[in-house]
Every structure is written in C-alpha cells, then in structure tokens.
Amino acid sequence: MRWTRRLTGLAAAAACAAAAVLALRRASLRWGATEAERAMDLPGDELLPVPDLTATRAISIAAPASAVWPWLTQLGQNRGGFYSHDWLENLIGLGIHSAETIRPELQVQELGETVDLAPGAGLAVVRLDGERALVLGGGVGPGVSPSPQSGGVPYDFTWAFFLLPRPGGSTRLVVRERYAYRTGWAAALVEPVEMLSFLMSERMLRGIRDRAERT
C-alpha cells in the first residue's frame, strides 16, 4: 500500500511537471504577441510554407518605425550585436558586443548580405523592405544558397522582423522564427535551442525597444 501511494505520488508529480513544461513552452513561443499577430502572414512565411515549429513574439515600442528600423538592420555578431545578454553569449566565445548607437557602416544594405549569428555561422538577408520587414534565412528560398558553414544544418530556418505602425506614432515589432526539419532527429536539436532562443529573444526585443525609444 505504501509503495502504491508513492508511485501514485510520483506519477502525479511527473504529470504536473510535464504540464508545467508544456505551458512554459507554449508561452515562450508566443511571448508578447496577440492572437491576430500570431495568425497574420508575414514576409518570409512563403519560404517555409509548412514549418515544423513556429515562434511569434512581439513588443510595443513608443517610437515610429523609422526609429526602430536602423537597430534591426545592424543586428548580427558581425555588426551591432543582438542587444541581448552579451555576457551569456560571450561565455561561449561568440565575441558579441551590442551597439548603443546607430552605426551606418554596420547597416544591411541589400539582399544576399550575411548576418552572422556566431563567427562562421551566418544567415542570408532574403527579404528587405525598408522600415517594414527584414527576413533572414538559412538555405531557403529560390536563388538563396546556404553558406558552406550552414550546409550541414539539419533544418531550414527563417527569422523575420516586421514593423507595424500604430496610432500615435508607436510601433509593434513582431518577430517570427520558423523551422522546417530536414532530418528525423532535427527536433531533438531545435527544441532545446528554441528555449534558449526565447531567453535571448525576450531580452533582444526589450533591448531594441529601449534603444529606439531613447532615440
């Protein structure tokens, strides 16, 4: 009887833990985004029309899109950083230093440019619609070739940044990540990476907001 109660207690604890993990995952994939924002079609969605995993996150910024855009177009390890937890990223030697000012020489100017996530690991600029949409991709879309560094990645990936002007001169920044698995085991890699991505993305959105509102 005692063992039965223990097993029942352990099963209940495991069920609660699993429910908590699922709830956290669900919240992390939609942080800050409204139902309408999660449902809307964004530039870049057409590159991966049937994704295996999608995360849509958003934040309100008390500044016009023109003030937000330059911070987006200098994202990257090889540019102005990611406005996130630099100390955490640099623990693994990424050498990221988030800019506090707009620097013209770091700005993305045209399609096909590379935005590095880490040294030797970059995404291509696959959509560029001034003050509206910036889409980065790894090995996706017609005419887009994955870099040699990313050729062995077991999933295709798009990272879209969309600016939605709001009344009164404010802006909604909507960020969407989409993954399409190339292999059966890609999910085992993407799922834990996505949880870490949430921690960094949440701080990145706040970092972009704070910088744009200062300017």
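**Exercise 1. The surroundings of helix 3**

Task: In this predicted model, determine what covers the buried residues of helix 3, and state which residues of helix 3 are buried.

Solution.
Step 1. The cover over the buried residues of helix 3 includes strand 1, strand 3, strand 4 (133–138), strand 5 (155–165), strand 6 (171–181) and helix 5.
Step 2. The residues beneath this cover are Ala65, Ala67, Val68, Trp69, Pro70, Trp71 and Leu72.
Step 3. Because seven of the eight residues of helix 3 are buried, the helix is largely enclosed by the rest of the structure.

**Exercise 2. A residue after helix 3**

Task: Locate glutamine 77 and decide whether glutamine 77 is buried or exposed.

Solution.
Step 1. Glutamine 77 belongs to the loop that runs between helix 3 (65–72) and helix 4 (86–90).
Step 2. The relative accessible area of glutamine 77 is 19%. A residue counts as buried under 20%, so glutamine 77 is buried.
Step 3. Between the C-alpha atoms of glutamine 77 and isoleucine 96 there are 5.4 Å in space, while in sequence the two residues are 19 residues apart.

**Exercise 3. Salt bridges**

Task: State how many salt bridges a search of the whole structure finds, and describe the pairs formed by glutamate 46 with arginine 127, arginine 214 with glutamate 100, and arginine 209 with aspartate 210.

Solution.
Step 1. Side chains of opposite charge can pair when their charged atoms come close. The search of the whole structure finds 13 salt bridges.
Step 2. In the salt bridge between glutamate 46 and arginine 127, the closest N and O atoms are 2.8 Å apart. Glutamate 46 sits in the loop between helix 2 (35–39) and strand 1 (53–61), and arginine 127 sits in strand 3 (residues 121–129), so the pair ties together parts that are 81 residues apart in sequence. Glutamate 46 is partly exposed at 44% relative accessibility, and arginine 127 is partly exposed at 30%.
Step 3. Arginine 214 and glutamate 100 also meet through their side chains, with an N to O distance of 2.8 Å. This pair links distant parts of the chain, 114 residues apart: arginine 214 is in helix 5 (residues 186–214), and glutamate 100 is in the loop between helix 4 and strand 2 (114–118). Arginine 214 has a relative accessible area of 54% and is therefore exposed, whereas glutamate 100, at 46%, is partly exposed.
Step 4. The side chains of arginine 209 and aspartate 210 form a salt bridge of 3.1 Å, N to O. Arginine 209 is partly exposed at 22%, and aspartate 210 is partly exposed at 28%.
Step 5. Elsewhere, Asp45, Arg176 and Arg178 are joined into one network by salt bridges that share partners.

**Exercise 4. A nonpolar surface patch**

Task: Which residues form a nonpolar patch on the surface, and where does valine 193 lie?

Solution.
Step 1. The nonpolar patch is formed by Trp185, Leu189 and Val193, which together have about 290 Å² of accessible area.
Step 2. Valine 193 is part of helix 5. With a relative accessible area of 38%, valine 193 is partly exposed.

**Exercise 5. The whole chain**

Task: Give the pattern of helices and strands along the sequence and describe the burial and contacts of the chain.

Solution.
Step 1. The protein chain contains five helices and six strands, in the order α-α-β-α-α-β-β-β-β-β-α.
Step 2. Of the 215 residues in the protein chain, 45% are buried.
Step 3. Among contacts between residues at least 6 apart in sequence, 67% join residues at least 24 apart.
Step 4. The accessible surface of the chain is about 11000 Å², and 60% of it belongs to carbon and sulfur atoms.

Key: Residues are numbered from 1 along each chain as its sequence is written. This is a predicted model: local features need pLDDT of at least 70, side-chain atom pairs count only at pLDDT 80 or more; totals for chains, interfaces and linings use all residues. Side-chain values use heavy atoms; hydrogens and water are left out. Helices (H or I, at least four residues) and strands (E, at least two) are DSSP runs, numbered from the N terminus. Buried means under 20% relative accessible area, exposed over 50%, partly exposed in between (1.4 Å probe, protein chains only). A salt bridge is a side-chain nitrogen of Lys or Arg within 4 Å of a carboxyl oxygen of Asp or Glu. Contact means heavy atoms within 4.5 Å. Patches are made of residues with over 30% relative accessible area and no salt bridge: like charges are joined within 9 Å, nonpolar side chains (Val, Leu, Ile, Met, Phe, Trp, Tyr) within 5 Å. Accessible areas come from the Shrake-Rupley method with a 1.4 Å probe; for residues, only the protein chains shown count as cover.
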